[in-house]
Amino acid sequence: MQTINCDTKIILCSYRQLEEKDKKLVDAAKKAATSAYAPYSHFSVGAAVTCGNGETMTGNNQENASYPCGMCAERVALFAASAQKPGMKIEAIAIAAHDGNGYTKEPVTPCGSCRQVLAEYEARQQTPIRIIMYGEDKIYMTQSAAALLPLSFSLPR
Ligand code: THU
């Protein structure tokens, strides 16, 4: 029997310590959160992705009275980017959320389904997607989507 170690490196930092381009991406995610449609959870999430051409595209959570029909901010942003700029590489994604009282103090970490989608886009483009998870008190960063979802699903080839 063997053990496989899945090593996940998460960088912990503050907004002040981010590079200028990442500060801008976080700012875009925070702004996107303010346009979320979240009348049921009152938890407004924003996501911003930088494409290979330096363009930023955003998304936010879209809820529905039929709850499972809703969609997370991350996938709204990723699907919009992939639909509108097919084949364009995604360099990074920033995520932020507002709970009605203010932006969350803790970083917002993507759900499992969003991690799966991130992992596949990353594998498809063959370059890492950095993930910046914003919280007012601290920020988590990973250098790749795979780090957040070891053994993600892919169809056998
Ligand atoms: N949500 C996101 O948009 N992204 C996440 O990473 C976690 C959760 C949304 C889904 C739902 O609209 C609301 O937040 C509460 O779960």
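## Surroundings of the ligand in a predicted model

The ligand is surrounded by Ser-41, Phe-43, Val-45, Asn-61, Glu-63, Cys-72, Ala-73, Glu-74, Thr-109, Pro-110 and Cys-111. The model is a predicted one, and the distances and areas below are computed from it. By residue class, the shell around the ligand divides into six nonpolar, three polar and two charged residues. Three side chains bring an N or O atom to an oxygen atom of the ligand, as the table sets out.

| Side chain | Distance from an N or O atom to an oxygen atom of the ligand |
|---|---|
| Asn-61 | 3.0 Å |
| Glu-63 | 2.5 Å |
| Glu-74 | 2.5 Å |

Of the 380 Å² of accessible area that the ligand has on its own, the protein covers 75%.

Glu-74, whose side chain has an N or O atom 2.5 Å from an oxygen atom of the ligand, is listed by UniProt, in an unreviewed entry, under "active site". Glu-74 belongs to helix H2, which runs over residues 73-84. Is Glu-74 buried or exposed? Glu-74 counts as buried because its relative accessibility is 4%, which is under the 20% cut-off. Leaving aside neighbours within four places in sequence, the contacts of Glu-74 are with Val-45, Ala-47, Ile-93, Ile-95, Pro-110, Cys-111 and Cys-114; Val-45, Pro-110 and Cys-111 are also among the residues that surround the ligand.

The unreviewed UniProt entry places a "binding site" feature at Asn-61, Gln-62, Glu-63, Asn-64, Ala-65, Ser-66 and Tyr-67, and of these residues Asn-61 and Glu-63 appear in the shell around the ligand. Glu-63 is placed in the loop between E3 and H2, and with a relative accessibility of 18% Glu-63 counts as buried. Apart from residues up to four places away in sequence, Glu-63 touches Tyr-37, Ala-38, Pro-39, Tyr-40, Ser-41, Phe-43 and Gly-70, a list in which Ser-41 and Phe-43 also belong to the surroundings of the ligand.

Gln-62 likewise has its place in the loop between strand E3 (56-60) and H2, but Gln-62 is partly exposed, with a relative accessible area of 31%. The side chain of Gln-62 makes a polar contact of 2.5 Å with the side chain of Asn-60. Not counting residues up to four places away in sequence, Gln-62 touches Ser-35, Tyr-37, Gly-70, Met-71 and Val-76.

Asn-61 is also touched from strand E2: Ser-44 is found in that strand (residues 44-51), and the contacts of Ser-44, leaving aside neighbours within four places in sequence, are Ala-33, Ala-36, Ala-38, Asn-61, Ala-96, Ala-97 and His-98. Ser-44 counts as buried at 18% relative accessibility.

Ala-33, one of the contacts of Ser-44, lies in helix H1 (residues 20-33) and is buried, with a relative accessible area of 2%. Setting aside neighbours within four places in sequence, Ala-33 is in contact with Ser-44, Val-45, Gly-46, Ala-96 and Tyr-103; among these, Val-45 is one of the residues around the ligand. Ala-33 and Ile-131 are 98 residues apart in sequence, and their C-alpha atoms are 17 Å apart in space.

At the level of the domain, the unreviewed UniProt entry assigns residues 20-156 to the feature "domain: CMP/dCMP-type deaminase". The end C-alpha atoms of this span lie 40 Å apart, and the span is 29% helix and 22% strand.

Methods
Residues numbered from 1 in each chain as written. Predicted model: local features only at pLDDT ≥ 70, side-chain atom pairs only at ≥ 80, totals over all residues. Heavy atoms only, no water. Near = heavy atom within 4 Å. Polar contact = N/O pair within 3.5 Å; in protein donor to acceptor, adjacent residues only side chain to side chain. Areas by Shrake-Rupley, 256 points an atom, 1.4 Å probe, with all protein chains shown as cover. Nonpolar A, V, L, I, M, F, W, Y, C, P; charged D, E, K, R; others polar. UniProt positions renumbered as here; feature names shortened; annotations may be inferred. Helix = DSSP H or I, 4+ residues; strand = E, 2+ residues; numbered from the N terminus. Buried < 20%, exposed > 50% of the residue type's maximum accessible area, 1.4 Å probe, protein only. Contact = heavy atoms within 4.5 Å.
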